[in-house]
Every structure is written in C-alpha cells, then in structure tokens.
Amino acid sequence: MDDDVLRVALSHGARCTEGLLVYLDDLVALEGGDEIRRKGAAFTAHQGVVAANDDVMGQLVPGWTASRVDPESQLDESMEQSARDRDQWRDDLLATSPLPELAEHWQSLGGSLPTRLDDGRRVRPRE
C-alpha cells in the first residue's frame with residue numbers, strides 16, 4: 001500500500017474487519033491538481049482542432065463562432081483554481097496526524113505504520 005494512502009487511512013479513515021476504509025474523494029484528492037491540469041491541457045488542445053474547423057461549423061451551425069469557448073478565457077482560470085484547491089486538500093489530508101485508535105487497529109491486523117508520518121511537513125495536531 002502506498003504510504004500516502006495509508007497516512008490518509010490512518011488520519012481520515014474508518015475501521016472495518018479487514019482493515020481501514022477510506023473515502024474515494026480523499027483518494028482522488030491525493031492526486032492533487034495534476035489530473036485537472038492534464039484534462040485542461042487536453043481540452044485546450046482539442047479546442048485548437050475545433051478552431052481549425054470554425055469556418056465550416058459556422059456555416060453548418062448558426063451562432064457557432066459566437067458561442068465557442070476561448071481556451072484562454074475564464075475556463076482556464078477556473079480549472080487552475082480547482083487544481084490549486086485539490087492541491088490544498090491533498091496537503092491538508094497529509095498534514096493531519098493519525099488517529100491512535102486507527103493506528104492501533106491497523107497494527108492489530110498485522111499492518112505496519114509508514115516509516116515517516118509527516119514527510120518533513122508540519123503535522124497538524126488532532127482537534
């Protein structure tokens with residue numbers, strides 16, 4: 001198991017008979033904003049292909065040219081803000097200290113704790 005996944009499971013997960021449960025959203029957040037940035041880049045590249053056909057599409061679909069999204073517009077800014085938000089979520093997940101009861105449960109099932117729980121980051125105490 002990846003150390004980051006285990007760290008999230010130990011600090012935000014829940015006990016189960018087989019180990020620890022982790023919310024899917026938290027696992028997705030571990031990717032950080034990179035996936036959003038990749039999809040944004042793919043969308044921008046696709047817009048270039050679409051733009052190459054604007055003249056033809058403008059003739060086929062009234063209002064096509066006026067309704068097209070400019071890849072350099074607010075959409076790019078919105079996607080980058082979403083990526084930064086995801087990066088912050090990941091950082092917050094990884095900065096949270098493990099819950100002792102989850103660590104004990106994990107170890108009672110034969111699991112081992114990550115070699116370093118904080119990776120040099122400031123570990124926020126549990127509230």
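Here is a short exchange about a predicted model of one protein chain.

Colleague: What should I know about numbering and confidence before I start?
Modeller: Residues are numbered from 1 along each chain as its sequence is written, and side-chain values use heavy atoms, with hydrogens and water left out. The model is predicted: local features need pLDDT of at least 70, side-chain atom pairs count only at pLDDT 80 or more, and totals for chains, interfaces and linings use all residues.

Colleague: In what order do the elements of the protein chain run from the N terminus on?
Modeller: Helices (H or I, at least four residues) and strands (E, at least two) are DSSP runs, numbered from the N terminus. The protein chain has seven helices and two strands. The order is α-β-β-α-α-α-α-α-α.

Colleague: What percentage of the residues of the protein chain count as buried?
Modeller: Buried means under 20% relative accessible area, exposed over 50%, and partly exposed in between (1.4 Å probe, protein chains only). The chain has 127 residues. The buried share is 28%.

Colleague: Which residues make up the largest nonpolar core?
Modeller: A nonpolar core is a set of buried Ala, Val, Leu, Ile, Met, Phe, Trp, Tyr and Cys residues joined through side-chain atoms within 4.5 Å. The largest has eight residues. Helix H1 (3-12) and helix H7 (100-108) each supply at least two of them. The members are Leu6, Ala9, Leu10, Leu20, Leu99, Leu102, Ala103 and Trp106.

Colleague: Which residues of H1 are buried?
Modeller: In soluble globular proteins, nonpolar side chains tend to be buried together. In H1, the buried list includes Arg7 and Ser11 as well. In full, it reads Leu6, Arg7, Val8, Ala9, Leu10 and Ser11.

Colleague: Which residues is Leu10 in contact with, leaving aside its neighbours within four places in sequence?
Modeller: Contact means heavy atoms within 4.5 Å. Leu10 belongs to the largest core. Its partners are Leu20, Pro98, Leu99, Leu102, Ala103, Trp106, Leu113 and Pro114.

Colleague: Why are Arg38 and Glu35 separated by about one helical turn?
Modeller: Arg38 forms a salt bridge (a side-chain nitrogen of Lys or Arg within 4 Å of a carboxyl oxygen of Asp or Glu) with Glu35. Their closest N and O atoms are 2.7 Å apart. Both lie in helix H3 (residues 34-52), so the one-turn separation comes from their spacing: three residues apart.

Colleague: How many residues apart in sequence are the parts that Glu80 and Arg37 tie together?
Modeller: The side chains of Glu80 and Arg37 meet in a salt bridge of 3.1 Å, N to O. Glu80 lies in helix H6 (residues 74-95) and Arg37 in helix H3. Glu80 is partly exposed at 28%, and Arg37 is partly exposed at 30%. The parts are 43 residues apart in sequence.

Colleague: Where do Arg84 and Glu80 lie?
Modeller: Their side chains meet in a salt bridge of 3.7 Å, N to O. Arg84 is partly exposed, at 41% relative accessibility. The two are four residues apart, about one helical turn, in helix H6.

Colleague: Which residues are linked in a network of salt bridges?
Modeller: Side chains of opposite charge can pair when their charged atoms come close. The count of salt bridges comes to nine. The network links Asp34, Arg37, Glu80, Arg84, Asp87, Arg90 and Asp91.
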